[in-house]
Amino acid sequence: MTFRWYGEGNDSITPQQIKQIPGVTGLVWALHDKQAGEVWTVEEIEEARRQIEGAGFHMEVVESVNVHDDIKIGLPTRDGYIENYKETLRNLARFGVKVVTYNFMPIFDWTRTDLFHPMGDGSTALFYEKYKIQDDYKEMARYILENLHGMTFPGWEPERMAQLDELFEKYRPVTKEKLWENLKYFLEAVMPVCHETGIKLAIHQDEFSASFRPWCVSG
């Protein structure tokens with residue numbers, strides 16, 4: 001069993017606290033200071049290994065290595081970013097990583113309209129109601145950014161959110177069919193590296209299709 005951890009200085013929960021959960025042997029992690037399209041270097045992964053394995057966990061699952069917008073949109077520059085993705089996969093494999101998750105979702109890597117929805121048992125959960133964002137996505141984006149409490153979450157980096165209007169314009173010509181074509185192009189390019197390294201890619205299929213389904217694993 002694994003537990004999601006956002007890293008030193010970016011998570012209010014420490015590995016030592018996670019150790020108190022019976023049965024958890026691994027941390028699901030990522031390099032949250034990396035922008036989509038950048039190579040995850042061996043040195044950076046080694047630092048994450050020090051933190052994770054030093055706390056007594058394995059680091060076999062990464063969530064997520066984000067896909068650059070140029071790949072999702074299908075721009076001529078996508079091939080360069082795909083090569084960076086391949087290099088990152090090879091670097092991760094050197095540290096025993098077996099599963100890398102990713103999404104192919106336009107604009108936002110994940111979308112919620114309530115980060116603290118009250119549940120019947122007194123706990124809170126992430127919540128999504130489509131009608132709340134269909135008229136004004138900026139209000140939804142503002143709400144999430146104001147409630148991250150200084151933490152950096154994938155796809156919601158301040159630099160990315162500062163270009164939100166430009167991103168919507170870039171994605172305007174991308175139909176659902178074109179997005180599927182671009183996903184196919186990406187997978188056909190990176191699958192040889194997955195076979196080479198033994199890494200499985202797991203897409204957040206619920207977010208790609210806007211319906212809740214299990215991850216689709218390929219590799």
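A residue counts as buried under 20% relative accessible area, exposed over 50%, and partly exposed in between. Keep that scale in mind for what follows, and note that this is a predicted model.

Take Glu38 to begin with: its relative accessible area is 37%, so Glu38 is partly exposed. Its salt-bridge partner is Lys34, with the closest N and O atoms 3.9 Å apart. The cut-off for such a contact is 4 Å, so it's worth having the distance in view. Lys34 itself sits at 13% relative accessible area, and is therefore buried.

Lys34 has another partner too, since its side chain also meets that of Glu44 in a salt bridge, at 3.2 Å from N to O. This pair ties together distant parts of the chain: Glu44 belongs to helix α2 (residues 42-54), Lys34 lies in the loop between β2 (26-28) and α2, and 10 residues separate them. Glu44, at 27% relative accessibility, is partly exposed.

Over in another part of the chain, the side chains of Glu196 and Arg90 form a salt bridge as well, 2.9 Å from N to O. Here the link runs from helix α8 (residues 176-197), home of Glu196, to helix α4, home of Arg90, and the two are 106 residues apart. Arg90 comes out as partly exposed, with 35% relative accessibility. Back at the loop, shared partners join Lys34, Glu38 and Glu44 into one salt-bridge network.

Here are the three pairs side by side; the whole structure has 12 salt bridges.

| Pair | N to O distance |
|---|---|
| Glu38 and Lys34 | 3.9 Å |
| Glu44 and Lys34 | 3.2 Å |
| Glu196 and Arg90 | 2.9 Å |

Now for the empty space. How many cavities of 30 Å³ or more does the structure hold? Just one turns up. The largest cavity has about 140 Å³ of space. It is lined by 20 residues, and those closest to its centre are Lys34, Gln35, Trp40, Val65 and Asn66. So what is the lining made of, by residue class? It splits into nine nonpolar, eight polar and three charged residues. Helix α4 (residues 78-93) gives the largest share of that lining, with four residues.

Finally, the outside. Met1, Phe3, Ile13 and Ile21 make a nonpolar surface patch of about 340 Å². Met1 is found in the segment before β1 (2-4), and its relative accessible area of 58% is why Met1 counts as exposed.

Methods
Residues are numbered from 1 along each chain as its sequence is written. This is a predicted model: local features need pLDDT of at least 70, side-chain atom pairs count only at pLDDT 80 or more; totals for chains, interfaces and linings use all residues. Side-chain values use heavy atoms; hydrogens and water are left out. Patches are made of residues with over 30% relative accessible area and no salt bridge: like charges are joined within 9 Å, nonpolar side chains (Val, Leu, Ile, Met, Phe, Trp, Tyr) within 5 Å. Accessible areas come from the Shrake-Rupley method with a 1.4 Å probe; for residues, only the protein chains shown count as cover. Buried means under 20% relative accessible area, exposed over 50%, partly exposed in between (1.4 Å probe, protein chains only). On a 1 Å grid over the protein atoms alone, a cavity is a set of points where a 1.4 Å probe fits but cannot get out, and a pocket is an open set with protein on both sides within 12 Å along at least five of seven lines; lining residues have an atom within 4 Å of a point. Grid points are joined across faces, edges and corners, and a volume is the space filled by probe spheres set on the points. Ala, Val, Leu, Ile, Met, Phe, Trp, Tyr, Cys and Pro count as nonpolar, Asp, Glu, Lys and Arg as charged, and the others, Gly among them, as polar.
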